[in-house]
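Welcome! Here is a short tour of how the parts of this chain fit together.

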Amino acid sequence: MSKLRVGIVGLGNVAEIHLEAYKEIKEIDIIAGSDINPQKVKEMSEKWTFKGYNDHTQMLENENLDIVCVLVPPRYHKDVIEDIAKAKVNILCEKPLASNLDDANKIVEICENNSIKFYYGATYRWLSACRKARELIKQGSIGKVSLLLETFIGGRGIEGYKDLGANHYPKGGPGGGGMGLIDHGIHLIDIFSWIMDSKVEYVVGRGNFSGKSPKTEFLTIMFENGTVGQLLYNEATYSANLPYEGIFSWGGSWDIQGNLSLEGSWEEYPGNIRIYGEKGALRVFYYANKLFFFTKDKKQPIRVLDRPMPGNFALQMESFINSLKNDSELESTVYDGLNALKIALAAYKSFDTKQFVRIEY
Ligand SMILES: NC(=O)c1ccc[n+]([C@@H]2O[C@H](COP(=O)([O-])OP(=O)(O)OC[C@H]3O[C@@H](n4cnc5c(N)ncnc54)[C@H](O)[C@@H]3O)[C@@H](O)[C@H]2O)c1
């Protein structure tokens with residue numbers, strides 16, 4: 001079979017990671033990329049040797065593409081997706097699905113009315129330590145799960161806080177920093193549901209707003225099966241971690257200031273999830289590519305597949321390619337994107353109403 005022809009819309013930070021990851025995939029050729037910033041088009045098309053465009057509609061018209069990756073900020077996802085779907089090209093879209101529910105519902109409608117495949121970029125599902133943790137839980141290794149927990153507290157105080165800005169999330173609407181509820185927590189909301197294989201029934205929480213001063217964000221998720229998911233974020237303070245809580249990472253990641261490194265390095269504040277069950281517990285260092293297993297008798301490191309970030313972006317694309325080749329079910333759908341956003345935005349509603357919010361599907 002000939003190689004699939006891939007185009008990219010949005011040539012910013014995350015495009016570098018996708019392109020780095022796609023180097024190892026034989027079944028695709030990166031044909032073209034577009035960005036509204038001409039400087040980005042020049043730099044990236046030269047670096048990655050593809051045809052550059054300033055307008056994605058021209059790219060869609062001129063190139064016969066099989067897949068377009070939507071890597072623009074969330075507030076522009078809907079408009080770009082609409083154009084790609086019109087051109088009948090399959091889509092891989094970054095998270096969050098959109099910056100608001102109207103756009104997200106419109107994206108679902110666009111996908112349902114066009115015969116294209118739409119892959120939601122739930123990239124944490126493809127981090128090896130997360131996949132292995134899910135497998136162990138499914139095998140019953142830690143018994144019935146009672147709590148999934150991620151906390152990310154740290155940064156350089158209020159003065160060092162960086163809002164992602166109105167270009168990503170419209171001013172005054174849900175938004176905030178890169179390690180906050182909407183931008184980062186959306187990954188965790190997705191994988192908590194995916195790991196538990198249970199629907200979310202109720203949530204309560206609080207989220208930050210784009211352009212406004214940051215507060216502590218939290219989200220408590222009550223699953224139908226009784227498990228609780230808990231997220232707690234504040235990137236406008238200082239970490240109280242001790243040096244021995246750092247870890248050597250095998251893969252790339254972002255530091256607390258949002259700086260990307262693609263190499264394994266010492267991580268002072270390694271991103272991690274704790275999962276507690278009736279018979280044991282897991283500690284999942286998702287970017288460091290490490291997993292630890294605890295029971296009454298054992299404390300054990302568990303081997304995971306050696307494809308740390310950006311390998312998860314390659315695994316995700318490989319999953320999409322398989323679905324396209326075999327016309328099989330997608331491993332992450334537009335509905336997964338919609339549900340994650342619904343749950344994140346329900347935190348805002350609960351804070352307004354001071355009540356638990358039921359998630360309607
Ligand atoms: N999966 C992950 O781990 C991960 C990590 C980082 C970012 N992301 C997601 O990737 C997306 C992009 O984030 P980023 O950090 O690369 O942002 P960025 O600001 O670095 O880059 C976005 C690029 O899109 C361009 N752009 C904006 N509107 C456009 C349009 N209409 N057409 C073409 N180009 C346009 C901008 O000029 C910019 O170059 C977001 O949805 C973000 O949430 C995902």
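## A methionine and its neighbours

Leaving aside residues up to four places away in sequence, methionine 317 touches Val6, Tyr22, Ile25, Ile28, Ile67, Cys69 and Leu92 (contact means heavy atoms within 4.5 Å). This is a predicted model, in which local features need pLDDT of at least 70 and side-chain atom pairs count only at pLDDT 80 or more, while totals for chains, interfaces and linings use all residues. Residues are numbered from 1 along each chain as its sequence is written, and side-chain values use heavy atoms, with hydrogens and water left out.

## The shared core

Met317 is also among the residues with the most contacts inside the largest nonpolar core, together with Phe118 and Ile275; this core has 108 residues. Such a core is a set of buried Ala, Val, Leu, Ile, Met, Phe, Trp, Tyr and Cys residues joined through side-chain atoms within 4.5 Å, where buried means under 20% relative accessible area (1.4 Å probe, protein chains only). Domain 1 (4-116) and domain 2 (124-307 + 344-352) both give residues to this core, so it lies between them. The domain bounds come from an automatic or database domain assignment.

## Where the domains meet

The C-alpha centres of the two domains lie 27 Å apart. Twelve residues from domain 1 and 14 residues from domain 2 take part in the contact.

Look also for the salt bridge between arginine 307 and glutamate 24, whose closest N and O atoms are 2.7 Å apart. The term stands for a side-chain nitrogen of Lys or Arg within 4 Å of a carboxyl oxygen of Asp or Glu. Across the domain interface, the rule finds two salt bridges.

Notes: Buried < 20%, exposed > 50% of the residue type's maximum accessible area, 1.4 Å probe, protein only.
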